[in-house]
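Subject: Structure handover

Hi,

Here is the structure I promised to pass on. My notes follow below it.

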Amino acid sequence: MSDNTADASPYEVEECRGVLRVYSDGSIVRSSQPSFSVPVHDDGSVLWKDVLFDSQHDLHLRLYKPASSSSSGRLPIFYYIHGGGFCIGSRTWPNCQNYCFRLASELQAVVVAPDYRLAPENRLPAAIEDGHKAVKWLQAQAVAENPDPWLTEVADFGRVFISGDSAGGNIAHDLAVRLGSADLAPAAVRGYVLLAPFFGGTVRTKSEAEGPKDAFLNLDLIDRFWRLSIPIGDTTDNPLVNPFGPRSPSLEPVDFRPMLVVVGGSDLLKDRAEDYAKRMKELGKKIEYVEFEGQQHGFFTIHPTSEPSNKLMLIIKRFILENSNS
């Protein structure tokens, strides 16, 4: 008699941009190739190197600095935390590396691009914890007896800015909540830049519900990222996902540094970013909201030399200048 109870072969239940596949038996397969197949534009004008910042989880960050600075003084430090729905992405992906080259060159800054543990192997709050460790690494460099001169000879630890793209923008928000204004002394965070921050919630926004299905970040992919990244059994009203949700503590007592929130007008996350900025402003926080009409999610890394991307770089540069002594 044949055994009809034998388990069927595992089948694919989740897939993210061709680089992450989750199967019915719980197994996970990650591609070694990035989802963005673009050439790296390394012309030597920006120097870079990798540094291990968390030996327990084998996490690295990538440092960038201009090969020759147009500034006579020390350079501000600008964190760039990559996106990918908490599930994919890396400091090594070419789209991330190209954008960091541009940030270092255009902003005349030391850029710090950390990796963090990804879901579903490591669900939230793992990524938030890793972002915090990456920033505390900088504090350790500022007080080290034998610091890395590659960094310390050019960096101004008193002018730190923390930015994040999509999921990285969510991490930047959580760092702003956790760090307050003085928790990195002698290093000092002067401001935060949230680029199309990846927030969610159980109630759909208009831009989510009515956004085009063929958008670069469509609703199906948004939901998939949340299914894979939030704690099992939880919802997208988790305070780490929905900072102004029904279960979220009040942000009014938090001592936020100045914040810049940027989003594309055609991004499905637009309404959440706009609502976040509005609510923060109502709490009396110093926040600037900039919306780029007609632009999709991630426009600044997908088309880094476009007119909107060039304008965004100037806005970030101004934000750094205005808040360097705040």
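The largest pocket holds about 330 Å³ of space. Keep in mind that this is a predicted model.

**The pocket**

The lining of the largest pocket comprises 20 residues. Those nearest the pocket centre are R30, G89, S90, D115 and L118. By class, the pocket lining splits into 7 nonpolar, 8 polar and 5 charged residues.

**The cavity**

The structure has 1 cavity of 30 Å³ or more. The volume of the largest cavity is about 290 Å³. Its lining is made of 24 residues. F36, G83, G84, N95 and D165 are the ones nearest the centre of the largest cavity. Two helices, α1 and α8 (299–302), each give at least two residues to this lining. The class split for the cavity lining is 10 nonpolar, 12 polar and 2 charged.

**Helix packing: α1 with α9**

Two packed helices are described by the angle between their axes and the distance between the axes. I list both values for each of the pairs below.

Helix α1 covers residues 94–107, and helix α9 covers residues 307–323. Their axes are 10 Å apart, at an angle of about 50 degrees. α1 and α9 are therefore oblique to each other. Their crossing is right-handed. On the α1 side, the contact is made by Y99, R102, L103, E106 and L107. On the α9 side, the residues are S309, N310, L312, M313, I316, K317 and I320. Sorted by class, the contact of α1 with α9 has 7 nonpolar, 2 polar and 3 charged residues.

Note that α1 turns up twice: α1 packs with α9, and α1 also supplies at least two residues of the lining of the largest cavity.

**Helix packing: α2 with α4**

Next come helix α2 (residues 126–143) and helix α4 (residues 167–179). Their axes come within 9 Å. The crossing angle is roughly 65 degrees. This crossing, too, is right-handed. From α2, the residues that meet α4 are A127, I128, E129, G131, H132 and V135. Their partners in α4 are N170, I171, D174, L175, R178 and L179. The contact of α2 with α4 divides into 6 nonpolar, 3 polar and 3 charged residues.

**Backbone points to check in your setup**

Which peptide bonds are cis in the loop between β7 and α2? One runs from A119 to P120, with omega near 10 degrees. P120 sits in the loop between β7 (110–114) and α2. Another cis bond runs from L124 to P125, with omega near 15 degrees. P125 is also placed in the loop between β7 and α2.

D58 has a positive phi of about 55 degrees, although D58 is not a glycine. D58 belongs to the loop between β4 (46–54) and β5 (59–66).

**In brief**

The pocket comes to about 330 Å³, and the largest cavity to about 290 Å³. The α1 and α9 crossing is right-handed, and so is that of α2 and α4. For the backbone, the entries are the cis bond into P120, the cis bond into P125 and the positive phi of D58.

Best wishes

Technical notes
Residues are numbered from 1 along each chain as its sequence is written. This is a predicted model: local features need pLDDT of at least 70, side-chain atom pairs count only at pLDDT 80 or more; totals for chains, interfaces and linings use all residues. Side-chain values use heavy atoms; hydrogens and water are left out. On a 1 Å grid over the protein atoms alone, a cavity is a set of points where a 1.4 Å probe fits but cannot get out, and a pocket is an open set with protein on both sides within 12 Å along at least five of seven lines; lining residues have an atom within 4 Å of a point. Grid points are joined across faces, edges and corners, and a volume is the space filled by probe spheres set on the points. Ala, Val, Leu, Ile, Met, Phe, Trp, Tyr, Cys and Pro count as nonpolar, Asp, Glu, Lys and Arg as charged, and the others, Gly among them, as polar. Axes are lines fitted to C-alpha atoms, for helices over the stretch in contact, and angles run from 0 to 180 degrees between N-to-C directions. Helices (H or I, at least four residues) and strands (E, at least two) are DSSP runs, numbered from the N terminus. Angles under 35 degrees count as roughly parallel, over 145 as roughly antiparallel, 65 to 115 as roughly perpendicular and the rest as oblique. A crossing is left-handed if the near helix is turned anticlockwise from the far one by less than a right angle, and right-handed if clockwise. Contact means heavy atoms within 4.5 Å.
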